[in-house]
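Let's take an informal walk through a protein model. Have a look at the structure below, and then we'll go through some of its parts.

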Amino acid sequence: MPHSAQVIWQTPPEPIASMLDTPRLPAISFSPAADWIVELRSAGLRPIRELTTPKLGLAGVQLNPQTWGPAKPGYYCGLSIRRRDEENARPIELPPNPRIRNLSWSKCGQYLSFTQTHLEQNSQASESPRDETQPTTGGISLWVLELATAKARALTGPILHNIGGGSPARWLPDGNIICRIRTELGPPPVAPKIPDGPVIEENLGKVAPARTFTNLLENAHDEALLEYYFTSSIVKISLAGGQTPIVGPDLYTGFSPSPDGQWLKIVKVKRPFSYQVPLARFPREASIISLQESVQEDGAQEDGALNNNSQQNAYLISDLPLAEEIPIDFDSVRAGKRASGWRTDRPATIYWVEALDGGDAQIESDYRDAVYTLSAPFVDPPDLLWKSALRFNSLVWGDDTTLLAYEVFYNTRQIRTWRLFPNDPQAAPVLLEARNFQDAYSSPGNPVTTPGHYGWPVLLLSEQGDIYLSGRGATATGVVPFLDRMNLETQEKERIWRSPPDTFSRVQRILDPAATQFIVRQQTQTEPGNYWLHTSSQPEGQPEDKRTALTAFSDPLPWYKNVHKEVVRYTRADGLDLSGTLYLPPGHDLERDGPLPTLLWVYPEEHKSRETASQVTQSENTFGRPTRASALFLLTQGYALLSGPSMPIIGEAIVEPNDTYLEQLIDSAAAAVDYLVKRGVCDRAQIAIGGHSYGAFTTANLLAHTDLFCAGIARSGAYNRSLTPFGFQGEQRNYWQATATYNRMSPFTNADKINHPLLLIHGEADNNSGTYPMQTERLYEAIKGLGGITRYVSLPYEEHGYRSKEAIGHVLWEMVQWLDTYVKREV
């Protein structure tokens with residue numbers, strides 16, 4: 001390999017190169033009544049020229065200024081439909097090169113809306129002739145598919161606005177669609193050639209810590225760009241394509257019609273903007289307007305004016321100031337009414353959440369949060385629904401007597417589930433569950449929901465008022481997904497279905513209150529996930545007597561059919577039980593063929609309990625095939641792989657996990673290596689370590705502090721913790737509170753101890769919090785300056801996760817070359 005240079009993209013060896021071109025299995029979407037099935041074809045690996053489209057980073061948001069949407073969105077490239085009782089799907093005719101996103105079903109289930117993203121044709125760097133049927137300018141258009149006719153049509157031109165989060169389109173119950181659209185404000189602001197003055201920031205004694213955010217505002221020009229690109233209007237669009245204005249231009253970041261379609265919740269940001277925190281912490285206003293009274297006359301606002309529409313507010317939910325001072329503790333939140341939403345089982349009842357401790361988790365408080373509700377027309381005083389002793393997490397609405405409320409606290413890993421009585425706020429909450437949220441063995445599963453009267457998700461309740469719980473089913477003896485029915489009065493549970501032996505099957509939809517029909521996605525080690533309809537002739541979900549196949553997907557990469565996959569268990573020196581998933585190439589018999597060069601692909605996790613740290617949550621029965629730059633591809637080159645070996649970092653009670661990070665990390669790695677060597681999987685001289693992000697950080701640490709591994713691969717990591725001084729991963733203390741821990745954990749600080757070859761790879765445009773490319777650049781310079789063996793690969797246009805075919809292929813080539821050079825040759 002060359003020492004350093006600009007080199008052309010390299011192609012990984014076969015069969016990896018061919019596998020990268022293999023189409024992925026389609027995604028599945030069921031209509032609300034599950035009578036229609038939509039198959040969504042993946043776009044596969046995109047060419048790198050698609051990553052070169054224009055991009056702006058403003059207030060933590062990356063956008064494409066040509067499309068007024070996300071900078072590098074994922075999308076589908078085709079869809080097919082069929083009724084549930086049909087075998088063959090009908091492809092839907094769409095313009096060439098579709099980029100399908102934001103799919104949403106109408107309440108009636110007869111229509112499916114989606115957006116199409118159009119790139120400017122003169123900016124696609126394509127040699128193919130220009131498509132005269134497509135818009136020449138970039139943008140996002142709204143489309144609708146009518147299931148009965150299998151016809152899709154455009155409802156708008158490329159006018160939608162999809163910047164700032166959330167879908168740009170939401171269905172109303174009457175079949176109309178509420179959309180955010182672009183506002184014509186003239187050409188975008190132009191940066192001054194000569195600055196008017198310096199950029200100045202100051203802090204006058206406030207405590208305002210912030211984790212390491214990316215793409216923040218930097219100057220007045222950025223502020224002007226934010227106002228320009230984030231300004232949108234909200235309109236109503238009919239299925240005939242007609243448009244009715246709702247509210248005029250403003251900095252909207254979200255909207256949500258009430259379940260009955262009579263009211264609209266709108267969220268927008270306001271000045272002053274911040275150069276320290278992202279958009280989510282900017283001043284924010286949430287309000288409700290009436291959809292019956294909010295229609296504007298054309299020309300109601302001056303050209304280019306930002307109309308705050310305050311005269312149309314039926315109810316002001318919240319008006320929050322700039323939030324630069326939120327403590328860095330995970331359990332700390334924004335002060336004030338920080339979140340709001342609609343009650344899904346009622347026509348128009350809003351709820352909101354407000355901190356009772358000022359949002360500061362360090363403050364002692366009997367109650368952390370309060371939840372209030374208020375029904376249309378929003379003129380009465382709000383009702384207090386619930387006060388949570390832990391931090392509010394979520395609500396799952398059922399009916400007037402049933403609401404599930406969740407509260408959590410990260411510091412103690414607590415989670416509690418309560419039954420509330422929405423129409424009787426005076427009724428005492430009933431505790432249904434209290435556990436460590438990392439305790440997978442005691443997890444009761446997630447409540448099953450179904451489209452309710454208004455088409456919004458509500459708890460599926462039996463005629464007796466029981467709920468259903470669908471769980472992953474991790475146990476000490478294996479992972480066996482299940483479906484339970486729970487009596488809310490007695491809290492007794494009945495297991496009405498479990499995953500068949502040697503499969504990993506999960507309930508996806510229950511089609512009736514008695515659970516006599518439900519859809520399951522079933523997979524095995526050798527068969528991909530396919531959907532089955534389970535039907536029982538017995539009431540109350542007794543064992544099914546009929547299974548009907550709804551899909552028949554085949555293995556896209558049959559080379560992996562005979563790969564040996566096994567969840568292995570071993571013990572750390574302190575007696576803690578650990579596990580990982582071992583993969584061996586097809587046909588390799590350790591007794592007959594001997595040991596293999598081996599890679600451990602790692603990612604540690606913090607725990608507050610030895611009990612949860614030792615649990616096995618991986619299943620041997622999942623269908624695992626490599627995608628993108630997966631380490632599973634290395635099996636084709638004759639390597640064994642230990643994927644996800646548990647490396648828990650435990651700090652019980654008041655002990656901080658990271659204070660003994662290195663000791664626990666080294667002991668966990670040593671236990672894995674000892675097991676593999678004793679099992680005959682590998683020789684000690686032929687073991688490599690690798691990981692992505694926090695796994696890359698782990699890789700560098702293990703090379704610095706042990707001689708367990710002969711080489712390492714570190715992708716997109718952070719290596720100097722003084723550059724993330726206000727917390728990282730699970731660490732909640734700042735650098736000055738835990739200086740010794742930060743320094744001790746930093747591979748950069750210990751670069752002189754990295755004595756084995758380390759391959760460093762990083763996306764040039766990494767926008768993940770804390771993993772700036774500078775982290776890898778500095779570690780490379782340190783190792784090089786100290787005489788170590790290292791190689792740094794910077795991937796143009798790539799971010800934290802690699803997306804282009806060229807970059808992914810090259811990364812896999814680098815990994816194979818590195819391991820072949822420094823692992824296979826070791827004896």
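Start with helix α6, residues 694-705: at 1.5 Å a residue its twelve residues should span 16 Å, and the end C-alpha atoms are indeed 16 Å apart, so the two values agree. The expected span here is 1.5 Å times one less than the number of residues in the helix. Helices (H or I, at least four residues) and strands (E, at least two) are DSSP runs, numbered from the N terminus.

Before going on, a word about what you're looking at. This is a predicted model, in which local features need pLDDT of at least 70 and side-chain atom pairs count only at pLDDT 80 or more, while totals for chains, interfaces and linings use all residues. Residues are numbered from 1 along each chain as its sequence is written, and side-chain values use heavy atoms, with hydrogens and water left out.

Back to α6, which is mostly covered: eleven of its twelve residues are buried. Buried means under 20% relative accessible area, exposed means over 50%, and partly exposed is in between (1.4 Å probe, protein chains only). Among the buried residues of α6 are Tyr 694, Phe 697, Ala 700 and Leu 703.

Helix α9 has 13 of its 18 residues buried, so the rest of the structure largely encloses it. Here are the two helices side by side:

| Helix | Residues | Expected span | End C-alpha distance |
|---|---|---|---|
| α6 | 694-705 | 16 Å | 16 Å |
| α9 | 805-822 | 26 Å | 26 Å |

Now for the inside of the protein. A nonpolar core is a set of buried Ala, Val, Leu, Ile, Met, Phe, Trp, Tyr and Cys residues joined through side-chain atoms within 4.5 Å. The largest one has 53 residues, and Leu 600, Phe 709 and Leu 779 touch the most other members. Helix α5 (residues 661-679) gives this core its largest share, nine residues. Apart from it lies another core, of 36 residues, including Val 563 and Leu 795.

Which residues does Leu 779 touch, not counting those up to four places away in sequence? They are Ala 700, Tyr 719, Pro 747, Phe 748, Ala 751, Ile 754, Leu 758 and Leu 760. Contact means heavy atoms within 4.5 Å. You've met Ala 700 already, as one of the buried residues of α6.

Next, some strands. Four of them form an open sheet in the order β28-β31-β34-β35, with antiparallel pairing. Two strands pair if DSSP finds at least two bridges between them. At the edges sit β28 (446-447) and β35 (493-498), each pairing on one side only. Strand β34 (residues 482-486) is joined to β35 by five bridges, and Phe 482 stands opposite Arg 498 in β35.

What about disulfides? The structure holds zero, where a disulfide is a pair of cysteine sulfur atoms within 2.5 Å. Take Cys 710: its closest cysteine sulfur, in Cys 682, is 9.7 Å away, too far for a bond. Cys 710 is buried, with a relative accessible area of 8%, and Cys 77 is buried at 19%.

Ser 614 is found in the loop between α4 (610-613) and β44 (640-643). At 23% relative accessibility, Ser 614 counts as partly exposed.

Finally, how confident is the predictor? pLDDT is its confidence in each residue, from 0 to 100. The protein averages 93, and 93% of the residues score at least 70. Residues 124-136 stay under 50, and residues 295-311 are also below 50.

Definitions and conventions: pLDDT is the predictor's confidence in each residue, from 0 to 100.
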